[in-house]
Amino acid sequence: MTDAMLKSRRLVLMGLGGLGASSLAGCVTGAAPAPALTVPPTPRFVVPPLAPINLRADRITRMTVCLRPFRAAGPRIEAERIGDKRVVHNYGHGGSGWSLSWGSAQLVRDLAMQGGTTDIAVIGCGALGLTAATTLQRAGAKVTIYAADRLPQTRSARATGTWTPSSRIADENHIDAAFPDLWEKMARASWAMHQTYVGQPGEPVAFLDRYILSDTAPSSEPSGPPPPPSSNPAITAATPPSPPGVIRFADYEGRLRDITPRSHALTPDQHPFPVASARQTSNMQFNIAELGHRLMTDFIAEGGRIEQRTFNTPADLATLPQPVIVNCTGYGARALFGDDSIVPVRGQMAWLPPQPEVRYSLYYNGVGLVSRPDGIGVQALRGGDMFGYGLDNETADRAEAEAAIERAAPLFARAFASATAA
């Protein structure tokens, strides 16, 4: 073997056999080495920008008013005999009707089907009526819904459409010792059932980011999440009474911390809002138009019937052929059954045209903004849960809507000023 052949063999064994002649010459002669190989930088995650909301009073397309049916003792879920009918009541959920509907429906199912009854009537075609009827139907019952209106015309269709299972659900000073556990059972069952609609066509239920904004900087950031409230109902019931005329609204959402997202503080470079402090969380939201359509369509497709019927007194129930009746009339139960324990809590939403690019909701300066496929909802919330308490006026208030828009508009003024200047 010649010297040249030996030299070539050594280069191959060293892993250099694939290099060109010029590279070999460089290695042998000591010429300048080839540039070192560089690894491209790893791409960074990019947070999508937040589209601004076009908040102007001249863009209001409609205003809706809903009377939330608050009961100090909590929802009425119980059976009673009226004539020859067994009536199972399912009403009085305050501002938590959509949020607790599926869990409430499970309790109603067990009461309505006691004794093996399978021919059942449901009165009411709102959130509670449709979920109760569907749950009964899927348990093997033959169900007919009787209602004056279908969902799009009910008070349920005027709801904000966000997960609020404790919203005006009860008065801490008037509940019994078992209520906190009952609430948790309903909330957990509803949370699980609502999630079966997440990701479905039309997004009947979705998770959207929610921002809680303030012009006041926090004095100190919490070192960790606050502890959940006591699971001992006796301790909860022993809370001091509220001042006269003020309701101590029950709040048990701390019991769900193991399944619901928590909020976290944002630094100024993590959001575009001109505020001193901001927090972000992820919140379940209901596309009421699509979810309601899905509920009615599924109920009918699975053999259910919906009949238009108006009931003026409990005696009218005797005209129904079914031996068991589930009463899901919401605020309407106050007049139908003379239940003065129901107190109206007025809530109004002003609606602006939809902005599909807006995929978040927020709270700022006593105003709630929510983005849904059917529009941008603007709600005055200044005054807390007592705002609207005891008011049964369902006439829309344009001044209230315009004032709410004016208070929240500064959040986006800079964005639209820049767009105009450009």
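User: What makes the 50 residues of the largest nonpolar core a core?

Analyst: A nonpolar core is a set of buried Ala, Val, Leu, Ile, Met, Phe, Trp, Tyr and Cys residues joined through side-chain atoms within 4.5 Å. Buried means under 20% relative accessible area, exposed over 50%, and partly exposed in between (1.4 Å probe, protein chains only). The largest such set has 50 residues, and Trp98, Leu136, Ile145 and Val326 have the most contacts inside it. Helices H3 (97-112), H4 (127-138), H5 (179-194) and H7 (288-301) are among the elements that each supply at least two residues of this core. The largest share, 7 residues, comes from H3. Apart from it lies another core, of 27 residues, including Tyr211 and Val378. In soluble globular proteins, nonpolar side chains tend to be buried together.

The model is predicted: local features need pLDDT of at least 70 and side-chain atom pairs count only at pLDDT 80 or more, while totals for chains, interfaces and linings use all residues. Residues are numbered from 1 along each chain as its sequence is written, and side-chain values use heavy atoms, with hydrogens and water left out.

User: Which residues does Trp98 touch, not counting residues up to four places away in sequence?

Analyst: Contact means heavy atoms within 4.5 Å. By that criterion Trp98 touches Ala127, Leu151, Ser156, Ala159, His194, Phe286, Ile288, Leu291 and Leu295.

User: Why is Ser361 called buried or exposed?

Analyst: Ser361 has 4% relative accessibility and therefore counts as buried. Its place is in strand E12 (residues 360-364); helices (H or I, at least four residues) and strands (E, at least two) are DSSP runs, numbered from the N terminus. Leaving aside neighbours within four places in sequence, Ser361 is in contact with Asp209, Arg210, Tyr211, Gln285, Leu369 and Val370.

User: What is notable about the phi of Arg168, and why is Arg168 called buried or exposed?

Analyst: Phi of Arg168 is near 50°, a positive value in a residue other than glycine. Most residues other than glycine have a negative phi. Arg168 is found in the loop between E5 and H5, and at 7% relative accessibility Arg168 counts as buried. Asn365 also has a positive phi, near 55°, but Asn365 is partly exposed, with a relative accessible area of 29%.

User: What makes the space lined by Arg68, Arg168 and Glu400, among others, a cavity?

Analyst: On a 1 Å grid over the protein atoms alone, a cavity is a set of points where a 1.4 Å probe fits but cannot get out, and lining residues have an atom within 4 Å of a point. The structure holds 1 cavity of 30 Å³ or more. The largest cavity has a volume of about 60 Å³, a volume being the space filled by probe spheres set on the points, which are joined across faces, edges and corners. The largest share of its lining, 3 residues, comes from E11.

User: How do you know that the buried residues of helix H9 lie on the same side?

Analyst: In H9 (residues 398-408), Glu400, Ala401, Ala404, Ile405, Arg407 and Ala408 are buried. They cover an arc of only 165° around the axis, so they lie on the same side of H9; the arc is that of the directions from the helix axis to the C-beta atoms. On the other side of H9, Ala399 and Glu406 are exposed.

Notes. On a 1 Å grid over the protein atoms alone, a cavity is a set of points where a 1.4 Å probe fits but cannot get out, and a pocket is an open set with protein on both sides within 12 Å along at least five of seven lines; lining residues have an atom within 4 Å of a point.
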